[in-house]
Amino acid sequence: MVEDSEEFRKFICSTLGERPELQIVGEDTDGLQALQRADELQPDLILLDIRLPSLNGIEVARQILKLSPKSKILFVSQESSTDVVREALGTGAHGYVVKTDAGGELLIGVSSVLRPVCQQKVCGS
């Protein structure tokens with residue numbers, strides 16, 4: 001999880017704590033820390049804010065996907081303009097949740113991004 005707001009980090013931890021199959025393996029508060037940690041941990045999922053100290057989340061996403069190509073990125077940001085969302089998803093990120101909607105949509109977003117492809121009916125039967 002990469003979020004510079006302590007209050008929102010606590011909210012995310014609390015929300016993800018509702019799902020015992022999810023484990024938070026790292027928390028970072030700025031973009032450069034996130035790059036180092038992603039390279040080190042190679043997590044399945046990275047929750048990423050856009051407005052971060054030292055390096056913004058969009059640039060972080062571009063670089064993380066090179067360092068940790070199997071990691072999936074879910075943006076969680078207060079930015080809601082179409083242009084910003086489009087640019088964020090254009091990095092190769094797998095989803096986007098607006099912070100004001102996170103109470104109802106964070107777990108849905110996480111589940112959707114982590115769901116195996118075959119469960120998304122792409123593999124067919």
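User: Leaving aside its neighbours within four places in sequence, which residues is Ala-93 in contact with?

Analyst: This is a predicted model, in which local features need pLDDT of at least 70, side-chain atom pairs count only at pLDDT 80 or more, and totals for chains, interfaces and linings use all residues. Residues are numbered from 1 along each chain as its sequence is written, while side-chain values use heavy atoms and leave out hydrogens and water. With contact taken as heavy atoms within 4.5 Å, and with neighbours within four places in sequence set aside, the partners of Ala-93 are Leu-65, Ile-73, Phe-75 and Ala-88.

User: Where is Ala-93 found, and is Ala-93 buried or exposed?

Analyst: Helices (H or I, at least four residues) and strands (E, at least two) are DSSP runs numbered from the N terminus, and Ala-93 is found in the loop between α4 and β3. Buried means under 20% relative accessible area, exposed over 50%, and partly exposed in between, using a 1.4 Å probe and protein chains only. Because its relative accessible area is 12%, Ala-93 counts as buried.

User: How do β1, β2 and β3 pair, parallel or antiparallel?

Analyst: Two strands pair if DSSP finds at least two bridges between them. Strand β1 (residues 45-48) is joined to β2 by four bridges, with Phe-75 in β2 as the bridge partner of Leu-48. Four bridges also link β2 and strand β3 (residues 95-98), where Leu-74 stands opposite Gly-95 and Val-76 has Val-97 as its bridge partner. The sense of pairing between β1 and β2 is parallel, and that between β2 and β3 is likewise parallel.

User: Which hand does the β-α-β unit of β1, α3 and β2 have, and which hand does the crossover from β2 to β3 have?

Analyst: A crossover is right-handed if, with the strands pointing away from the viewer, the path from the first strand over the helix to the second runs clockwise. The unit made by β1, helix α3 (residues 57-67) and β2 is right-handed. From β2 the chain then crosses through helix α4 (residues 82-89) to β3, and this crossover is also right-handed.

User: How many residues of strand β2 are buried?

Analyst: Strand β2 spans residues 72-77 and is mostly covered. In β1, Leu-45 and Leu-47 on one side and Ile-46 and Leu-48 on the other are all buried, and in β3 so are Gly-95 and Val-97, pointing one way, and Tyr-96 and Val-98, pointing the other. Of the six residues of β2, the number buried is five.

User: Why do the buried residues of α3 line one face of the helix?

Analyst: The buried residues of α3 are Gly-57, Ile-58, Val-60, Ala-61, Ile-64 and Leu-65. An α-helix has 3.6 residues a turn, so residues three or four places apart point the same way. The arc is that of the directions from the helix axis to the C-beta atoms. The buried residues of α3 line one face because, seen down its axis, they fall within an arc of 150°.

User: Which element supplies the largest share of the largest nonpolar core?

Analyst: A nonpolar core is a set of buried Ala, Val, Leu, Ile, Met, Phe, Trp, Tyr and Cys residues joined through side-chain atoms within 4.5 Å. The largest has 22 residues, and those with the most contacts inside it are Leu-48, Ile-73, Phe-75 and Tyr-96. At least two residues of this core come from each of α2 (31-41), β1, α3, β2, α4 and β3. Five residues, the largest share, come from α3.

User: Which residue shares a polar contact of 3.5 Å with the side chain of Arg-9?

Analyst: Arg-9 lies in helix α1 (residues 6-16) and is buried, because its relative accessible area is 13%. A polar contact is a pair of N or O atoms within 3.5 Å; within protein, one must be able to donate a hydrogen and the other to accept it, and residues adjacent in sequence count only if both atoms are side-chain atoms. The side chain joined to that of Arg-9 by such a contact, at 3.5 Å, belongs to Glu-27.
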